[in-house]
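These are my notebook entries on one protein structure, written down in the order in which I looked things up.

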Amino acid sequence: MTRHVIAPVDELPPGTRKFLTIDERPIAIFNIKGEFFGLLNRCPHQGAALCEGPLIGLAQSSDPGEIEYTKLGEIIRCPWHGWEFDIRTGQSYCDPKRFRARAYPVNVEPGSRVVKGPYIAETLAVSVESDYVVVDL
């Protein structure tokens with residue numbers, strides 16, 4: 001698996017998400033209360049842009065008439081058909097045995113480790129001959 005540097009941590013404050021394309025895959029990175037998670041921005045149900053849906057909580061009940069909301073801001077609802085997925089794991093709450101959104105591991109690393117040098121730039125010899133630019137490879 002190839003690592004990709006996404007952004008400085010302060011560009012993704014808690015409660016935000018960032019959309020990007022990596023290797024032709026639409027990905028969304030979420031900051032949920034200071035923890036970072038990645039999901040494929042495609043609903044496994046019918047292909048909608050899953051990560052453009054609202055972040056909600058999970059309604060649970062232990063007794064009739066009693067509802068408790070948990071995982072606030074950790075469940076994403078598909079904008080097309082309302083299917084719900086856990087941002088941490090990709091688990092579907094509509095059909096957990098058949099569907100799961102693709103989750104990607106996301107880490108926070110010190111900048112010194114991400115941008116470790118020294119860097120050596122590739123150089124090419126270039127010359128101008130008879131008004132043409134020529135590159136020696």
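**Cysteines**

I began with C94, which counts as partly exposed because its relative accessibility is 42%. Before going further I reminded myself that I am working with a predicted model, and I kept that in mind for every entry below.

Next I asked how many disulfides a search of the whole structure finds. The search gives 0 disulfides. C94 is in no disulfide, and its nearest cysteine sulfur, that of C43, is 8.5 Å away. I then turned to C43 and asked which cysteine sulfur is closest to its own. The closest one belongs to C78, at 3.8 Å, and this is too far for a bond, because a disulfide needs the two sulfur atoms within 2.5 Å. I also looked up the accessibility of C43, and noted that C43 is buried, with a relative accessible area of 3%, whereas C94 is partly exposed.

**A sheet of three strands**

I moved on to the strands and found an open sheet of 3 strands, in the order β4-β5-β6, with antiparallel pairing. Its edge strands are β4, covering residues 55–60, and β6, covering residues 84–86, and each of these pairs on one side only. On average, neighbouring strands of this sheet are turned by 60° against each other, with direction ignored.

I then followed strand β5, which covers residues 68–77 and is joined to β6 by 3 bridges, the two strands running antiparallel. To see one such pairing residue by residue, I asked which residue in β6 is the bridge partner of I75. The partner turned out to be D86.

**Salt bridges**

Before counting, I wrote down the general idea that side chains of opposite charge can pair when their charged atoms come close. The cut-off I needed here is a side-chain nitrogen of Lys or Arg within 4 Å of a carboxyl oxygen of Asp or Glu. By this rule the count comes to 5 salt bridges, and I looked at several of them one by one.

The side chains of K33 and E74 meet in a salt bridge, with 3.7 Å from N to O. K33 lies in the loop between β2 (25–32) and β3 (35–40), while E74 lies in strand β5, so this pair ties together parts that are 41 residues apart in sequence. Are the two partners buried or exposed? K33 is exposed, with a relative accessible area of 60%, but E74 is buried, with a relative accessible area of 9%.

E74 also forms a salt bridge with R88, where the closest N and O atoms are 3.0 Å apart. Since E74 is in strand β5 and R88 is in the loop between β6 and β7, this pair ties together parts that are 14 residues apart in sequence.

R88 has a further salt bridge, with the side chain of E35, at 3.0 Å from N to O. This pair links distant parts of the chain, with R88 in the loop between β6 and β7 (103–104) and E35 in strand β3, 53 residues apart. R88 counts as partly exposed at 33% relative accessibility, and E35 is partly exposed as well, with a relative accessible area of 37%. Putting these entries together, I noted that salt bridges sharing partners join K33, E35, E74 and R88 into one network.

**A nonpolar patch**

On the surface I looked up which residues make a nonpolar patch of about 370 Å². The patch is made by I67, Y69 and L72. Of these I checked L72, which has its place in strand β5 and counts as exposed, at 52% relative accessibility.

**Positive phi angles**

My last search was for residues other than glycine with a positive phi value, and I wrote down E24 and K71. Phi of E24 is near 65°, and this residue sits in the loop between β1 (17–22) and β2. E24 is exposed, with a relative accessible area of 76%. Phi of K71 is near 50°, and K71 is found in strand β5. K71 counts as partly exposed, at 31% relative accessibility.

Notes:
Residues numbered from 1 in each chain as written. Predicted model: local features only at pLDDT ≥ 70, side-chain atom pairs only at ≥ 80, totals over all residues. Heavy atoms only, no water. Pairing = 2+ DSSP bridges. Helix = DSSP H or I, 4+ residues; strand = E, 2+ residues; numbered from the N terminus. Axes fitted to C-alpha atoms, helices over the stretch in contact; angles between N-to-C directions. Buried < 20%, exposed > 50% of the residue type's maximum accessible area, 1.4 Å probe, protein only. Patch = residues over 30% accessible without salt bridge, like charges linked within 9 Å, V, L, I, M, F, W, Y side chains within 5 Å. Areas by Shrake-Rupley, 256 points an atom, 1.4 Å probe, with all protein chains shown as cover.
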